[in-house]
Amino acid sequence: MPDHPIKHAALLFAMQDEALPLIRRLELADKGPISPPMPMRWYDGAVGALRIDVVVMGADRRFGIDCIGTQPAAVATQLVIDKLDPDLLINAGTCGGFIKRGGEIGKVYLTGGPFNFHDRRIPLAPFEKYADGGWTLCDVDAWAQALGLEQGAVSSGNSLDMNDDDAARIERAGTIAKDMEAAAIAWVADQHEKPLCAVKAVTDLVDGPHPTHEEFERHLHTASDALSETLDKLLNYLADENRR
Ligand code: SAH
């Protein structure tokens, strides 16, 4: 937890479509690439007394699509901390939800962890825990309660689908949100002792009957709108009293 009031929050998004509703809603200024030639894009603004930076992973120079996944997320986090030094990091984005844990399309979670990896298999005793991660980097109990949001474990990996072993790890951790960035961001945040929370909107139901990629595409805009609404509430809540 930050041991001083939060005056400056930085939000990290993987996809432009996830970030645009919030960028428009808060009328953030487009500052261009944060560290050329890297593709990450930077926007800034404020909510009341709270300074806001948004960094979006940007488009891959070779493949032309959003830089989703762990390595751009880790690089972006390092850049954000280096160049902007926020009091709080927020990983905002979409996720796969789980019907058996109350997940619904468009539902938004707020969580400070644990942030786990589910696709790093290193069966060498000292590396096993490192592979899984399990970082909890922010106490969001009061915030989640005030905003009526559920908390829980997030699990990250570099695939949109999952194999049986991924599924077993996800299940063991009681995961509520499956994504491709949060744990990578958590590793960097932890090295710098920066608090991190995640706000994740459900685009698809991992344990539902529909193929993930179809559901994802169908619900990306609905979920991103719900995400921006919740982020707006959270940022206003944090701005209100310069929360700790
Ligand atoms: N097919 C999409 C690619 C989206 S990949 C496209 O063409 O635009 C999924 C992105 O949303 C990642 O950044 C990830 O963090 C999040 N996500 C949403 N649902 C997910 C799921 N079920 N598993 C993993 N990541 C998911």
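Let's start at the ligand. One of its oxygen atoms is 3.0 Å from a polar backbone atom of Met180. Keep in mind that this is a predicted model.

Two side chains come in as well. Thr94 has a side-chain N or O atom 3.0 Å from an oxygen atom of the ligand. Lys178 does the equivalent for nitrogen: a side-chain N or O atom of Lys178 is 2.9 Å from a nitrogen atom of the ligand.

How much of the ligand does the protein cover? On its own, the ligand has 570 Å² of accessible area, and the protein covers 84% of that.

Now the site itself. The ligand takes up the space of the largest pocket. Which elements give two or more residues to the shell around it? There are three strands and a helix to look at: β5 (88–97), β10 (175–179), β11 (196–205) and α7 (212–241).

In total, 17 residues surround the ligand. The closest are Thr94, Lys178, Met180, Glu181 and Asp204. So you have already met three names from that list: Thr94, Lys178 and Met180. By class, the shell has seven nonpolar, four polar and six charged residues.

Next, aromatics. A search of the whole structure turns up one aromatic pair. The partners are Phe117 and Trp135, with ring centres 6.0 Å apart and planes at 85°, so the pair is edge-to-face. Where do the two rings sit? Phe117 lies in strand β7 (residues 115–117), and Trp135 lies in strand β8 (residues 133–135). The pair therefore ties together parts that are 18 residues apart in sequence.

Last topic: the backbone. Most peptide bonds are trans, and most residues other than glycine have a negative phi. Here are some places to check against that.

First stop, Pro36 to Pro37. That peptide bond is cis, with omega near 5°. Pro37 is in the loop between β2 (29–33) and β3 (41–47).

Next stop, Gly113 to Pro114. This peptide bond is also cis, with omega near 0°. Pro114 is in the loop that runs between β6 (108–111) and β7. Strand β7 is the one that holds Phe117 of the aromatic pair.

Then there is Glu27. Is its phi positive or negative? Positive, at about 50°, although Glu27 is not a glycine. Glu27 lies in the loop between α1 (16–25) and β2.

To recap the site: Met180 offers a polar backbone atom to a ligand oxygen at 3.0 Å, and the side chain of Lys178 approaches a ligand nitrogen at 2.9 Å. That's my tour.

Notes
Residues are numbered from 1 along each chain as its sequence is written. This is a predicted model: local features need pLDDT of at least 70, side-chain atom pairs count only at pLDDT 80 or more; totals for chains, interfaces and linings use all residues. Side-chain values use heavy atoms; hydrogens and water are left out. A residue is near a molecule or strand if one of its heavy atoms lies within 4 Å of it. A polar contact is a pair of N or O atoms within 3.5 Å; within protein, one must be able to donate a hydrogen and the other to accept it, and residues adjacent in sequence count only if both atoms are side-chain atoms. Accessible areas come from the Shrake-Rupley method with a 1.4 Å probe; for residues, only the protein chains shown count as cover. On a 1 Å grid over the protein atoms alone, a cavity is a set of points where a 1.4 Å probe fits but cannot get out, and a pocket is an open set with protein on both sides within 12 Å along at least five of seven lines; lining residues have an atom within 4 Å of a point. A molecule sits in a cavity or pocket if more than half of its atoms lie within 2 Å of its grid points. Helices (H or I, at least four residues) and strands (E, at least two) are DSSP runs, numbered from the N terminus. Ala, Val, Leu, Ile, Met, Phe, Trp, Tyr, Cys and Pro count as nonpolar, Asp, Glu, Lys and Arg as charged, and the others, Gly among them, as polar. Rings of Phe, Tyr and Trp (its six-membered ring) pair if their centres lie within 6.5 Å; planes under 30 degrees apart count as stacked, over 60 as edge-to-face and the rest as tilted.
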